[in-house]
Amino acid sequence: SSCYRPRGELLDLRPLDLWLLFATSIPTPIRTHQSKATTSLTDTTTTATTTSRTKRLTIDTISPNLKTMEYAVRGKIAMEADKISDELSSASPHSHPFDHIIYTNIGNPHAVQQKALTWPRQVMALLQLPDPIGIHHPEAHKLFPIDAIERAKEMKKALGGHGIGAYTHSKGIKEFRRDVAKFIEERDGAKAGSVDVENIFLTAGASEAITMVMTGLIRDGSCGIMIPIPQYPLYSATLDLLGAHKVGYYLDEQSIWGMNVDELERSLSEAKANGINVVAFVLINPGNPTGQVLSEKEVKDIVSFCARHNLVLLSDEVYQENVYREEDQFFSSRRAADELGLIDNDAIQLCSFHSVSKGVFGECGQRGGYVEMVGIPEDVNDCFYKLAASKLCSNAPGQAMVSLMCRGPNKGDVSYESHEREKIALFEGLKQRASMVSDGLNNIPGFACQPATGAMYCFPSVHIPQKAIEVSNEMGISPDTLYALDLLQKKGICVVPASGFGQKAGRFGFRTTFLSPEMGSVVENIRDHYEEFCRHYAD
């Protein structure tokens, strides 16, 4: 090897080459005085050593917590659905008695034909475009409404002129966090300026925020968190991964999945008697998978319970726009704490979560969400900041969408009326399907389904024949997993077994969304399949 000095003198690098080869134990590629037989023996020995070596990462050496955690929403049934879908789209389109899978297992609105809201997407398009062909193009107004252009300019300025391709502050763009703060204040009738932007983190969906807070809460294996039964599997899966205890409290199915303070006290006392250090309480309102909306009294009872027992309240409020009955109203945990005087007295620790994935936005793929913290000490906030900073930041497009969700076009702007009409149309469609699906399922003999008054789901109970229970036990799966698998294979409908969310012993069922425009036929196919299923497994 050689190179030239600046003055053109030849520099011999052969000594450096030899030193590097020796120091790094890399055999020289130039083989001198080595026979073919020796070369063959060396290569064979190397190959044998490589193939006989035990792999470091195997199913036996992987984290046992990771191995045992389960996330039912994308579990066994969803994976089988994907497999069948691949078969239908490949060389075997007639291999099943249906031509496509209807995915009702997950609240993913745009995947089942829900339209994106126009104005937010127009602003997002301008944020993505380079300025010369976007906000600064002389004819941009011919493609985009002026209020979308002005908002995009404002947001690009907040992004420091870098656009959404650069890293942001680890808590999120401050101007976007201000939009969140004002949204919370206006929603809850709180005093202007009472929400501190430094207590808001923008995250990749609400899930990332929830995982972040739960990670901070679990100090060791003695810790536990109270979670509703049924619950969204993110909570049970995260607790399993962290090696913590799941402390379940049961919702009352007969009162449309309501809360009962006596049940909360029972659950907490039992956990403490078992030596569990209960550190937090999860509230999902509106409910997932249960689709209920809690009353003001129920929310205040829960907030008071958490304050009384010094539990950090994790309030999952991602479905706050999805409230369908006229007599119901979303009542936030923060508002309850404020009206009870707990915030002013620093007597509650509360983390509230929201997301662009639900409501009428349905922007699941954008991965935008936030957490607002109340009563959390500054040094703890700094620790959460450190955790957020270890991932650099949440994605900038998701942050932008959170800003647009919290602050849409102003009244009087050119896009205001059309934006509101689109939101109302989407909401009314969800409301109509919520009633149609919950009523339809409830009318199937052997089914019982509470009204879906909120969120995006129905959670019916299903009577499973004894013979089917025996077969499922032999297979090592739950009876409602056997049912859901049979429904998938016979009708192409993908639901989630209720066992994946938790339920009382002896209860079986499933969770379904009501997002798909095909839900009318889905209910009828579920009815037909259940009759066939019961005949097949008749005693």
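This tour moves from one strand and its neighbours to the enclosed spaces and then to a pocket, in a model that is predicted.

**Strand β7 and its partners**

Begin by selecting residues 277-284, which form strand β7, and colour them by accessibility: seven of the eight residues are buried, so the strand is mostly covered, taking buried to mean under 20% relative accessible area. Next add residues 223-229, strand β5, which runs parallel to β7 and is joined to it by four bridges. To find one point of contact between the two, show Cys223 together with Asn277, its bridge partner in β7.

Now select residues 312-316, strand β8, which also pairs with β7 in the parallel sense, here over five bridges. Leu283 can serve as a landmark in this pairing, since Ser315 in β8 stands opposite. To follow the chain between these two strands, display residues 296-308: the path leaves β7, passes through helix α11 and arrives at β8, making a right-handed β-α-β crossover.

**Two cavities**

Turn next to the enclosed space, where a search of the whole structure finds two cavities of 30 Å³ or more. For the largest cavity, with a volume of about 100 Å³, select Ser170, Phe201, Leu202, Thr203, Glu208, Met212, Leu387, Ala388, Lys391, Cys393 and Ser394, which line it. Three elements, β4 (200-203), α8 (205-217) and α13 (378-389), each supply at least two residues of this lining, and β4 gives the largest share, with three residues. Colouring the lining by class shows six nonpolar, three polar and two charged residues.

The second largest cavity, of about 40 Å³, can be located by selecting Pro228, Pro230, Tyr249, Leu251, Met259, Ile284, Gly287, Asn288, Thr290 and Gln292. Two residues of this lining bring you back to the strands already on screen, for Pro228 falls in the range of β5, while Ile284 falls in the range of β7. By class, the lining here has six nonpolar and four polar residues, but no charged ones.

**The second largest pocket**

Finish at the second largest pocket, in which about 420 Å³ of space lies. Of its 23 lining residues, select Tyr71, Ser207, Tyr232, Lys358 and Arg367, which are the closest to its centre. Helix α8, which you met at the largest cavity, gives the most to the lining of this pocket, with four residues. Expanding the selection to the full lining and colouring it by class gives 11 nonpolar, seven polar and five charged residues.

Terms used. Residues numbered from 1 in each chain as written. Predicted model: local features only at pLDDT ≥ 70, side-chain atom pairs only at ≥ 80, totals over all residues. Heavy atoms only, no water. Buried < 20%, exposed > 50% of the residue type's maximum accessible area, 1.4 Å probe, protein only. Pairing = 2+ DSSP bridges. Right-handed = clockwise from strand over helix to strand, strands pointing away. 1 Å grid on protein atoms, 1.4 Å probe; cavity = no way out; pocket = protein on both sides within 12 Å on 5 of 7 lines; lining within 4 Å. Points joined across faces, edges and corners; volume = space filled by probe spheres on them. Nonpolar A, V, L, I, M, F, W, Y, C, P; charged D, E, K, R; others polar.
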